[in-house]
Amino acid sequence: MCPSTVVQGASAQRKRSTIRRSVVAMIAVALISGMTAGPAEARSLRIRYDGNDSPMRTDIRRVVSDLSTSTVFLRIDTWQTFHRWDEGAYFIVRFDSSGDGGFDRVLEIFPGRRGFRCLLEESEPGGDPGAIVGQRRATRANERAVACTLPRSWFPRIQRAVRFYVLAAGSDTDRAPNTGLYRWL
Ligand SMILES: [Ca+2]
Ligand SMILES: [Ca+2]
């Protein structure tokens with residue numbers, strides 16, 4: 001065997017073992033990312049639509065909810081753009097989270113000094129706010145949306161039958177849904 005053949009053979013072997021190592025590394029990465037993405041948290045994205053049915057700038061167009069094992073996400077989309085200083089830039093959400101027919105939490109989304117805030121309060125069965133449970137900064141994906149992400153632990157006990165409604169409040173109001181309550185987060 002001529003020396004150059006030996007050298008070529010050794011280099012081909014090195015190349016093969018490098019490829020093998022890369023393949024093993026790729027499989028490991030795939031497995032790890034699969035493990036993190038695989039048993040993903042149970043989510044429950046729900047989208048509800050409400051008509052252009054009030055003269056308000058903050059007339060509700062869509063209510064999006066998503067419940068995970070650790071958070072309650074609620075987003076309100078409006079038909080028009082709105083800002084903190086607009087009249088009626090104030091939303092109230094009343095929850096019957098334990099599904100027993102009386103309200104137990106009130107969420108107020110209101111304009112703070114630096115942006116919208118999400119204030120969660122306990123509720124009287126009739127819907128009047130009581131003691132403060134917690135407060136978080138709201139997020140805005142665009143000028144027609146405002147959203148709150150709250151710890152699920154702030155709610156007493158979320159049942160599948162959780163019910164709620166959203167109100168845009170100002171000199172006028174828009175309710176979503178127009179009658180009754182949304183079911184399930
Ligand atoms: Ca509406
Ligand atoms: Ca409505």
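Two strands count as paired if DSSP finds at least two bridges between them. Strands here are DSSP runs of E of at least two residues, numbered from the N terminus.

Before you start clicking, note that this is a predicted model, in which local features need pLDDT of at least 70, side-chain atom pairs count only at pLDDT 80 or more, and totals for chains, interfaces and linings use all residues. Residues are numbered from 1 along each chain as its sequence is written, while chains are lettered from A and ligands numbered from 1 in the order in which they are written.

**First stop: the open sheet**

Select residues 60-67 and 71-78: these are β2 and β3, an antiparallel pair joined over seven bridges. Now pick L67 and look across to β3, where V72 is its bridge partner.

Widen the selection to the whole sheet, an open one of four antiparallel strands running β1-β2-β3-β8. At its edges you will find β1 (46-49) and β8 (145-151); each has a single partner strand, so one side of each lacks a neighbour in the sheet. Neighbouring strands here are turned by 15° against each other on average, direction ignored (axes are lines fitted to C-alpha atoms).

**Second stop: β4 and its partners**

Next, select residues 91-96. Five of the six residues of this strand, β4, are buried (20 or more other C-beta atoms within 10 Å of their own, with C-beta atoms placed from the backbone), so β4 is largely enclosed by the rest of the structure.

Add residues 105-111 to show β5, which pairs with β4 in the antiparallel sense over five bridges. Here I92 stands opposite E108.

Finally, bring in β9 (residues 163-169), antiparallel to β4 over six bridges. Zoom to F95, and you will see its bridge partner in β9, F164.

Terms used: Axes are lines fitted to C-alpha atoms, for helices over the stretch in contact, and angles run from 0 to 180 degrees between N-to-C directions. A residue is buried if 20 or more other C-beta atoms lie within 10 Å of its own, exposed if 12 or fewer, and partly exposed in between; C-beta atoms are placed from the backbone.
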